[in-house]
Amino acid sequence: MTDNARARKLADRIREIVAETLQRRIKDPRLGYVTITDTRVTGDLREATVFYTVYGDDEERAASAAALESAKGILRSTVGRETGVRFTPTLTFVADALPDNARTIDDLLAKAKAKDAEVREVSSGKTYAGDADPYRKAGEDEDAEGAENTDAASE
């Protein structure tokens, strides 16, 4: 078993190598605006998962995924040559869900902001149901008890 620090260093190096190779060496016309966002390597350094995003619609994403799959051999040989590890990890490309999650969070925040504005509009000009200060003060307790005792004695 290897330590996690070595796996992290190898993952960072693989991310840099794959991104640079895609930019300079791979000339596939199907490859769109691909950004390598993250790379994770298993503890035994045998498998690497490369996360990527593609700028564009679903058709461009599918074309870029096919281009990455076809360039997998070149990318793996480049990774093996430049990292110098005994066993070159197999590369698996996974579309990163981060942009979709960010878009979902933005939509939820926009809905919450609209709901807050609606509540603020409805509550403008309204007053609270009770007194402004519903808590008893130390001096008021004695006055209230004295008034209750006086009322009880007069009956």
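# Close-up views of helix, core and pocket

**View 1. Helix α3 and the glycine that follows.** Just after α3, G84 adopts a positive phi of about 75°; here helices (H or I, at least four residues) and strands (E, at least two) are DSSP runs numbered from the N terminus. The model is a predicted one, in which local features need pLDDT of at least 70 and side-chain atom pairs count only at pLDDT 80 or more, whereas totals for chains, interfaces and linings use all residues. Residues are numbered from 1 along each chain as its sequence is written, and side-chain values use heavy atoms, with hydrogens and water left out. Helix α3 comprises 12 residues (residues 72-83) and should span 16 Å at 1.5 Å a residue, which agrees with the 16 Å between its end C-alpha atoms; the expected span is 1.5 Å times one less than the number of residues. Its buried residues are L75, T78, V79 and G80, where buried means under 20% relative accessible area, exposed over 50% and partly exposed in between (1.4 Å probe, protein chains only). An α-helix has 3.6 residues a turn, so residues three or four places apart point the same way. The cover over the buried residues of α3 includes α1 (4-24) and β3 (90-95).

**View 2. T88 in the loop between α3 and β3.** T88 counts as buried because its relative accessibility is 17%. Leaving aside residues up to four places away in sequence, T88 touches R76, V79 and G80, a contact being heavy atoms within 4.5 Å. Of these partners, V79 and G80 are also among the buried residues of α3.

**View 3. L22 of helix α1 and its contacts.** With a relative accessible area of 11%, L22 is buried. Residues up to four places away in sequence again being left out, L22 touches L31, V34, I36, L68 and L75. One of these partners, L68, is 46 residues from L22 in sequence, yet their C-alpha atoms are 8.9 Å apart in space.

**View 4. S64 in helix α2 (residues 58-70).** S64 counts as buried because its relative accessibility is 0%. Beyond residues up to four places away in sequence, S64 touches R30, L31, G32, V34 and V54. L31 and V34 are also touched by L22.

**View 5. L45 in the loop between β1 (33-41) and β2 (47-55).** Phi of L45 is near 60°, a positive value in a residue other than glycine. L45 is nevertheless buried, with a relative accessible area of 11%. L45 also belongs to the lining of the largest pocket and is among the residues that lie nearest its centre.

**View 6. The largest pocket and its lining.** About 220 Å³ of space lies in this pocket. On a 1 Å grid over the protein atoms alone, a pocket is an open set of points where a 1.4 Å probe fits, with protein on both sides within 12 Å along at least five of seven lines, and lining residues have an atom within 4 Å of a point. Grid points are joined across faces, edges and corners, and the volume is the space filled by probe spheres set on them. The lining has 11 residues, of which R6, D44, L45, R86 and F87 lie nearest the centre. The lining divides into 5 nonpolar, 2 polar and 4 charged residues; Ala, Val, Leu, Ile, Met, Phe, Trp, Tyr, Cys and Pro count as nonpolar, Asp, Glu, Lys and Arg as charged, and the others, Gly among them, as polar.
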